[in-house]
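Work through the exercises below with the sequence and the structure side by side. Each task is followed by a solution that goes step by step.

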Amino acid sequence: SKDASKSDGDPYVWGTAEWESASGLFYVSPEFETIKSNGSNVEMTLSAGVRPQLGGFDIDLNAAHKWRLDSNPGADDDAWEFTASASRAIGPAKARLQVQHSPDGAGSVKDWTWVEGRMGWDFTDKLSGSAALGYRSQNGAPDYTGWNVGMTYAATRNIDLDLRYHDTDTDEVVVGEQYASALVAGVSFYF
């Protein structure tokens with residue numbers, strides 16, 4: 001998440017489902033992911049948003065409520081997160097600018113803001129690559145710059161394979177494994 005690990009570098013599983021209106025403008029999405037935080041091993045999310053098109057750009061505006069199941073007593077285990085993104089594809093090239101903000105994050109983090117730019121390229125109808133650079137300012141945890149670069153291969157219509165390198169400019173000796181560099185292999189199944 002935002003080029004930092006929520007599982008202390010261990011493997012994780014996530015799942016999401018989505019309902020969208022007939023026009024595709026409105027959507028609602030529940031999801032889960034495995035984490036390691038204050039005694040919790042699962043984070044749940046419920047988000048809702050709109051996806052209009054404006055001036056040739058695909059816009060996505062959403063609000064999400066996140067909560068961590070079975071956290072230690074007294075832990076700050078829920079948060080609201082608001083996201084705005086604008087993306088555009090021209091031929092094989094893709095670009096996206098995203099801004100996310102939480103007025104009170106989970107755990108020790110209070111308010112935070114993440115700004116990320118992403119560029120991508122479709123090499124073939126099955127193989128694409130992308131790189132992203134982001135900056136997170138946060139109250140209660142270190143500010144950092146994060147980046148990732150990787151490739152995605154559509155093995156079938158319903159299976160994507162992704163290999164991506166993530167890193168930050170923080171010193172993991174000082175702030176912990178959460179911000180360490182990592183090579184992450186992922187498999188996504190679509191139903």
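**Exercise 1: Lys 2**

Task: Find where Lys 2 lies in the chain, and decide whether Lys 2 is buried or exposed.

Solution. Begin with the position: Lys 2 belongs to the segment that comes before strand 1 (14-16). The model used here is a predicted one, and the values that follow are computed from it. Next, take the relative accessible area of Lys 2, which is 13%; because buried means under 20%, Lys 2 is buried. Finally, look at the backbone of Lys 2, where phi is near 55°, a positive value in a residue other than glycine. As background for this last step, most residues other than glycine have a negative phi.

**Exercise 2: Asp 70**

Task: Describe the location, the backbone and the accessibility of Asp 70.

Solution. Asp 70 is located in the loop that runs between strand 6 and strand 7 (78-90). Its phi is positive, at about 55°, although Asp 70 is not a glycine. With a relative accessible area of 72%, and with exposed meaning over 50%, Asp 70 is classed as exposed.

**Exercise 3: Gly 55**

Task: Place Gly 55 among the strands, and state how far its C-alpha atom is from that of Arg 88.

Solution. Gly 55 sits in the loop between strand 5 (53-54) and strand 6 (57-69). Its relative accessible area is 64%, so Gly 55 is exposed. Turning to the distance, Gly 55 and Arg 88 are 33 residues apart along the chain, and their C-alpha atoms are separated by 9.9 Å.

**Exercise 4: Ser 29**

Task: Determine which residues Ser 29 touches, and which polar contacts its side chain makes.

Solution. First locate the residue: Ser 29 is part of strand 3 (residues 26-37), and because its relative accessibility is 4%, Ser 29 counts as buried. Then list its contacts, leaving out residues up to four places away in sequence: Ser 29 touches Thr 16, Ala 17, Glu 18, Thr 45, Leu 46 and Ser 47. For Thr 16, a polar contact of 3.0 Å joins its side chain to the side chain of Ser 29, while the C-alpha atoms of these two residues, which are 13 residues apart along the chain, are separated by 6.8 Å. For Ala 17, the partner is the backbone oxygen, which the side chain of Ser 29 reaches at 2.8 Å.

**Exercise 5: Asn 62**

Task: Identify the contacts of Asn 62, and compare its positions in sequence and in space with those of Lys 6.

Solution. Asn 62 lies in strand 6, and at 17% relative accessibility Asn 62 counts as buried. Setting aside neighbours within four places in sequence, Asn 62 is in contact with Tyr 27, Ser 47, Ala 48, Gly 49, Glu 81, Phe 82 and Thr 83. With Tyr 27 there is a polar contact between the two side chains, at 3.1 Å. As for Lys 6, Asn 62 is 56 residues away in sequence, and the distance from C-alpha to C-alpha is 22 Å.

**Exercise 6: The whole chain**

Task: Summarise the fold of the protein, and explain why it is described as being as compact as a globular protein of its length.

Solution. Start by counting elements: the protein has 1 helix and 13 strands, and read along the sequence they follow the pattern β-β-β-β-β-β-β-β-β-β-β-β-α-β. The radius of gyration is 17 Å, close to the 16 Å that the globule rule gives for 191 residues, so the protein is as compact as a globular protein of that length. Taken along the principal axes, the C-alpha atoms fill a box of roughly 50 × 35 × 30 Å. Of the 191 residues, 33% count as buried, and the accessible surface comes to about 11,200 Å², of which 60% belongs to carbon and sulfur atoms. Lastly, consider the charges: the mean positions of the 15 positive and 28 negative charges are 6 Å apart.

Technical notes:
Residues are numbered from 1 along each chain as its sequence is written. This is a predicted model: local features need pLDDT of at least 70, side-chain atom pairs count only at pLDDT 80 or more; totals for chains, interfaces and linings use all residues. Side-chain values use heavy atoms; hydrogens and water are left out. Helices (H or I, at least four residues) and strands (E, at least two) are DSSP runs, numbered from the N terminus. The radius of gyration is taken over C-alpha atoms; the globule rule is 2.2 Å times the number of residues to the power 0.38. Buried means under 20% relative accessible area, exposed over 50%, partly exposed in between (1.4 Å probe, protein chains only). Accessible areas come from the Shrake-Rupley method with a 1.4 Å probe; for residues, only the protein chains shown count as cover. Lys and Arg count as positive and Asp and Glu as negative; His and the chain ends are not counted. The place of a charge is taken as NZ of Lys, CZ of Arg, CG of Asp or CD of Glu. A polar contact is a pair of N or O atoms within 3.5 Å; within protein, one must be able to donate a hydrogen and the other to accept it, and residues adjacent in sequence count only if both atoms are side-chain atoms. Contact means heavy atoms within 4.5 Å.
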